[in-house]
Amino acid sequence: MMADGVRDIVLREMAPDELILVETIHATAFGRDEEARLPHAIISAGHDVISVVAVDGDYFVGHALFTALEGAEKALALGPVAIVPDRQGEGIGARLVRHGLDLARQRGWRSVFVLGDPAFYGRLGFRANLAKGAIVPWAGPNFQALELVPGALASWAGMLVYPDAFGANDEQD
C-alpha cells in the first residue's frame, strides 16, 4: 500500500482556492501556526512564487513554496516545505521539492536558497558552500543553495533580501 500510495500521488501547482488546505498541511506538520501563516502571507502579498502540492486522491499530503528573492539574479527561496505527519518518511517531500525545482528551471530561475537540514537538502543537490556569498541573518551550515544554472552563484556575493513575511528584514534593520 505504501509504495502504491506514493506512486499515486499527484504533484502539481497549487490552485488559488487551495491556500486554506496548504495552511492546514503546515499547521499539522509543524504543530504551530507560524509556518501555516507564512505561505498565505507570501502569496497574498503578491510575491512571485512557485507553490506546489502533493495530492493523494482528495487528500493534500504536502506543500512546498518557492519565493522570489532580491539580491542574486533570478534567485528563489525554498520554504516552508511540509508533509502531513502520517505521510512523512515516504519520500514525498523530496519528490515535491524536485518537482518545484524542475518548474523553476523551466521558468528561467537560476538558483534556490534554503535554510534546513543539510542531510535532507544535500541529497537534493543543495550545498552550504554555494550559499556562503549570501548575507543573511541565518548564515551557517544549515543555509544552503543550489544552482539551477551551472555557475549561477560562482561570482555572486551580497545581501539576499527575503520578503517581509519571512521576518528576516526586521533583524537586518
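Across which strands does helix 2 lie, and at about what angle does this helix run to strand 4? In this predicted model, helix 2, made of residues 19-30, lies across strand 2, strand 3 and strand 4, and its direction makes an angle of about 70 degrees with strand 4. Helix 4, residues 92-106, lies across strand 1, strand 2, strand 3, strand 4, strand 5 and strand 7, and runs at about 140 degrees to strand 2.

The strands beneath these names belong to one arrangement: six strands form an open sheet in the order 1-2-3-4-5-7, with mixed pairing. Because strand 1 and strand 7 stand at the edges with a single partner strand each, one side of each is left without a neighbour in the sheet. From one strand to the next, the twist averages 25 degrees. Strands of a sheet pair through backbone hydrogen bonds, in either a parallel or an antiparallel sense. Strand 1 and strand 2 pair in the antiparallel sense, over four bridges, and Leu11 stands opposite Ala54 in strand 2.

| Strand | Residues |
|---|---|
| Strand 1 | 10-13 |
| Strand 2 | 49-56 |
| Strand 3 | 59-68 |
| Strand 4 | 75-83 |
| Strand 5 | 111-115 |
| Strand 7 | 143-147 |

The largest pocket has a volume of about 700 Å³, and of the 31 residues that line this pocket, the closest to its centre are Phe30, Gly79, Pro80, Val81 and Leu115. The elements that give two or more residues to the lining are helix 3, strand 4, helix 4, strand 5 and helix 5, and strand 4 provides the largest share, six residues. By character, the lining of the largest pocket divides into 19 nonpolar, six polar and six charged residues.

Terms used:
Residues numbered from 1 in each chain as written. Predicted model: local features only at pLDDT ≥ 70, side-chain atom pairs only at ≥ 80, totals over all residues. Heavy atoms only, no water. Pairing = 2+ DSSP bridges. Axes fitted to C-alpha atoms, helices over the stretch in contact; angles between N-to-C directions. Contact = heavy atoms within 4.5 Å. 1 Å grid on protein atoms, 1.4 Å probe; cavity = no way out; pocket = protein on both sides within 12 Å on 5 of 7 lines; lining within 4 Å. Points joined across faces, edges and corners; volume = space filled by probe spheres on them. Nonpolar A, V, L, I, M, F, W, Y, C, P; charged D, E, K, R; others polar.
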